[in-house]
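Please open the structure in a viewer and keep the sequence panel visible. The tour below proposes a series of selections and describes what is found at each.

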Amino acid sequence: MKKKILVILGPTATGKSDIAVKLAQIFNGEIIGADSRQVYKELNLASGKITKKEMGGIKHYLLDVADLNNDFSVAIFKDLTVKAINEIWAKGKVPIICGGTGFYIESIVKNISMPEVPANKELRGKLSKKSTMELFEILSKLDPKRAEKIDKNNPVRLIRAIEIAIKLGNIPQNTMGEPIADFIQIGLDLPDNILKEKILKRINDRLNVGMIEEIEDILKSGIREKKLSSLGLEPRHILRFLKKEVTKEQMIADLFKDTWAFAKRQRTWFKRDKDIKWFKKEEKDIEKIADSIKERL
């Protein structure tokens, strides 16, 4: 029989981290983060990173494993995650992957092999001078299928996709290998009205404890605006506020609007996988989730 891996996934602000900690306590597990921004040491509030207190004594992996001066890719994520999984298994514990970055999770669950293409600094330098719209148009001509799925507002991902397409002639279909384990996937979601409330509360809570100051400190450390802006909605909108392009009230409204749109895109991504068992707000008590997991562990 294959070993087991538990996966807790879903849109932003659905309480994944809290549920993952409770399940780790129940099933003797340790948690592997699957978030493309929480890997960075500098991004804490802006990435919604779990705090030491919230971890409840459960060991977490794949947090603070990179800094903003270096590139981080899904291939690096997969390599580090497989190492963490084997370390957790060696302890006789259950690996629990928790996060909302769909492609990161899929790379493990589907055992996807990604093309290995080294960074082209000269090409990146030229592309970094272009707007996200221009980058998206370039990628659309090189590989329309990849352009359909990519975040068109993320210059880092656009440049990387262009880099691969130019090197390989196109972006090849990722190949799927034999699954490394029996994956038990639990999806968490909320009714729209409740999720919207939680998203707005989360934004305001993080602003109240210093999210703007966090972005200011990162800028002072020498990280370029373009790089920082590519690392998610919070840095992007806070930068606009710091540059006095919008008021604080407008920044919050815009950030809420874009975060809600992002949550809907996450839903769409995860709903493709019919192996995910979903729990809505009315059902999302820990006993029901735990019972559904016990059947397969």
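Two strands pair if DSSP finds at least two bridges between them. By that rule β1 and β4 pair: four bridges join them, and the two strands run parallel. The model is a predicted one.

**The sheet**

Begin by selecting the six strands that form an open sheet, in the order β3-β2-β4-β1-β7-β8, with parallel pairing. Which strands stand at the edges? They are β3, residues 60-61, and β8, residues 277-279; each has a single partner strand, so one side of each is left without a neighbour in the sheet.

**Strand β4 and its partners**

Next, select β4, residues 94-99. Is this strand mostly covered or uncovered? It is mostly covered, as six of its six residues are buried. V94, I96 and C98 point one way from the strand, while P95, I97 and G99 point the other way. Residues on both sides are buried.

Add β1, residues 4-9, to the selection. Here L9 stands opposite G99 of β4. Then turn to β2, residues 29-33, which pairs with β4 in the parallel sense over five bridges. To locate this pairing, display G29 together with V94, its bridge partner in β4.

**Strands β7 and β8**

Move along the sheet to β7, residues 182-188, which is joined to β8 by three bridges; these two strands also run parallel. Select L188 and F279 to see a pair of residues that stand opposite each other, the latter in β8. Now add helix α13, residues 286-294, which packs on the sheet and touches β1, β7 and β8. The direction of α13 makes about 160 degrees with that of β7.

**Helix α1 across the sheet**

Select helix α1, residues 16-27. This helix lies across β1, β2, β3, β4 and β7, and runs at about 175 degrees to β4.

**Y104 in helix α3**

Select Y104, whose place is in helix α3, residues 102-109. Is Y104 buried or exposed? Its relative accessible area is 6%, and because the limit for a buried residue is under 20%, Y104 is buried. Display its contacts as well: leaving aside residues up to four places away in sequence, Y104 touches D35, S36, F72, S73, V74 and F77. Of these contacts, V74 may be picked for a distance label: Y104 and V74 are 30 residues apart in sequence, and their C-alpha atoms are 5.9 Å apart in space.

**Helices α5 and α7**

Continue with helix α5, residues 132-142, and helix α7, residues 155-168; their axes come within 9 Å and cross at roughly 30 degrees. Angles under 35 degrees count as roughly parallel, and α5 and α7 are therefore roughly parallel to each other. The crossing of α5 past α7 is left-handed. Show the side chains of T132, L135, F136, I138, L139 and L142 in α5, which meet P155, L158, I159, A161, I162, A165 and I166 in α7. By class, this contact comprises twelve nonpolar residues, one polar residue and no charged residues.

**Helices α9 and α11**

Finally, select helix α9, residues 211-220, and helix α11, residues 233-242. At what angle do their axes cross? They cross at roughly 85 degrees and come within 10 Å; the two helices are therefore roughly perpendicular to each other. M211, I212, I215, E216 and L219 of α9 make the contact with E234, P235, I238, L239, F241 and L242 of α11. Nine nonpolar and two charged residues take part in this contact, with no polar ones.

Definitions and conventions
Residues numbered from 1 in each chain as written. Predicted model: local features only at pLDDT ≥ 70, side-chain atom pairs only at ≥ 80, totals over all residues. Heavy atoms only, no water. Axes fitted to C-alpha atoms, helices over the stretch in contact; angles between N-to-C directions. Parallel < 35°, antiparallel > 145°, perpendicular 65-115°, else oblique. Contact = heavy atoms within 4.5 Å. Nonpolar A, V, L, I, M, F, W, Y, C, P; charged D, E, K, R; others polar. Left-handed = near helix turned anticlockwise from the far one by under 90°. Buried < 20%, exposed > 50% of the residue type's maximum accessible area, 1.4 Å probe, protein only.
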